[in-house]
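Okay, thanks for squeezing me in, everyone. I'll put the sequence and the model up, and then talk through a few spots.

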Amino acid sequence: MRHLFGKFLKFGIVGVANTLIYYFTYAALTYAGLYYLLSSIIAFAVSMTNAFYWNNKHVFYENRESRSAVGSAFRMVVSYAFSGLVIGTALLYALVDVFGISEYAAPFFGLCVTVPLNFMLNRFWVFR
């Protein structure tokens, strides 16, 4: 259990940095006039690339030599597409267009769902 907590802590540190990259990319694109959902998708792609590098190198590094980097990258794209793109974008849309929350504040609420989901998918499927 302690080992899993350590992984979650490292994942959290990478996640905070990744969240900042996502949010500042998203906010800059939205501020520049890009539709907020398109800004989110672009920011998602940038942050996913960053997340793969750091999670592969520093968080889920066990068996890195024996597992396929291409296979891990593919599984990460699938898991992030599900949790970040599908779930995250649906939450963002609902929060902004249904509940009227600012498009600058709404992404933070979605993180409460997508971060734990991403950790579980990364730990037990992407970097297994």
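Let's start with I42. Is I42 buried, exposed or partly exposed? I42 has a relative accessible area of 36%, and because the partly exposed class runs from 20% to 50%, that's where I42 lands. And before anyone asks, yes, this is a predicted model.

I42 sits in helix α2, and it belongs to a nonpolar surface patch of about 490 Å². The other members of that patch are I21, Y35, L38, I41 and V46. Which helix gives the largest share? That's helix α2, residues 36-59, with four residues.

So stay on helix α2 and look at some residues that are buried. S47 is in that helix, and S47 has a relative accessible area of 5%, so we call it buried. If you skip the neighbours within four places in sequence, S47 is in contact with N18, I21 and Y22. Notice I21 there, which is also one of the patch residues.

S40 is also in helix α2, and at 6% relative accessible area S40 is buried. Again leaving out neighbours within four places, S40 is in contact with Y22, Y26, T89 and L92.

Then there's L37, in helix α2 too. L37 comes out at 15%, which is under the 20% cut-off, so L37 counts as buried. What does L37 touch, not counting residues up to four places away? T89, L92 and Y93. T89 and L92 were on the S40 list as well. There's also a long-range pair here: L37 and E103 are 66 residues apart along the chain, with their C-alpha atoms separated by 9.2 Å.

Now, the rings. The structure holds seven aromatic pairs. Take Y23 and Y26: the ring centres are 6.2 Å apart and the planes are at 45°, so that pair is tilted. Why tilted? Because 45° is neither under 30 degrees, which would be stacked, nor over 60, which would be edge-to-face. Both tyrosines lie in helix α1, residues 2-31, three residues apart, so about one turn of the helix. Y23 and Y26 are both buried.

Compare that with Y53 and W54, which make an edge-to-face pair, 4.9 Å centre to centre with 85° between the planes. Are Y53 and W54 buried, exposed or partly exposed? Y53 is partly exposed at 42% relative accessible area, and W54 is partly exposed at 35%.

Back to the tyrosines for a second. Ring pairs link Y22, Y23, F24, Y26 and F108 into a cluster. Two of those names should sound familiar: Y22 and Y26 are among the contacts of S40, and Y22 is among the contacts of S47.

One more residue, G88. G88 is found in helix α3, residues 69-98. Its relative accessible area is 17%, so G88 is buried, since the class covers anything under 20%. Which residues does G88 touch, not counting those up to four places away in sequence? S83 and T114. Then there's P107: G88 and P107 are 19 residues apart in sequence and 8.0 Å apart in space, C-alpha to C-alpha.

Okay, zooming out to the chain. The secondary structure comes to four helices and zero strands, so reading along the sequence you get α-α-α-α. The C-alpha atoms fill a box of roughly 45 × 30 × 20 Å along the principal axes.

What about the radius of gyration? The chain has 15 Å, and a compact globule with 128 residues would be near 14 Å, so the two agree. For the contacts with a separation of 6 or more, 74% come from residues 24 or more positions apart. The L37 contacts with T89, L92 and Y93 are a handy picture to keep in mind there.

Buried residues make up 37% of the 128 residues. As for the outside, the accessible surface comes to about 7300 Å², and 75% of that belongs to carbon and sulfur atoms. The nonpolar patch we began with, I42 included, has about 490 Å².

That's what I have. Happy to rotate the model if anyone wants another look.

Notes
Residues numbered from 1 in each chain as written. Predicted model: local features only at pLDDT ≥ 70, side-chain atom pairs only at ≥ 80, totals over all residues. Heavy atoms only, no water. Phe/Tyr/Trp six-rings, centres within 6.5 Å; stacked < 30°, edge-to-face > 60°. Helix = DSSP H or I, 4+ residues; strand = E, 2+ residues; numbered from the N terminus. Buried < 20%, exposed > 50% of the residue type's maximum accessible area, 1.4 Å probe, protein only. Patch = residues over 30% accessible without salt bridge, like charges linked within 9 Å, V, L, I, M, F, W, Y side chains within 5 Å. Areas by Shrake-Rupley, 256 points an atom, 1.4 Å probe, with all protein chains shown as cover. Salt bridge = Lys/Arg side-chain N within 4 Å of Asp/Glu carboxyl O. Rg over C-alpha atoms; globule rule 2.2 N^0.38 Å. Contact = heavy atoms within 4.5 Å.
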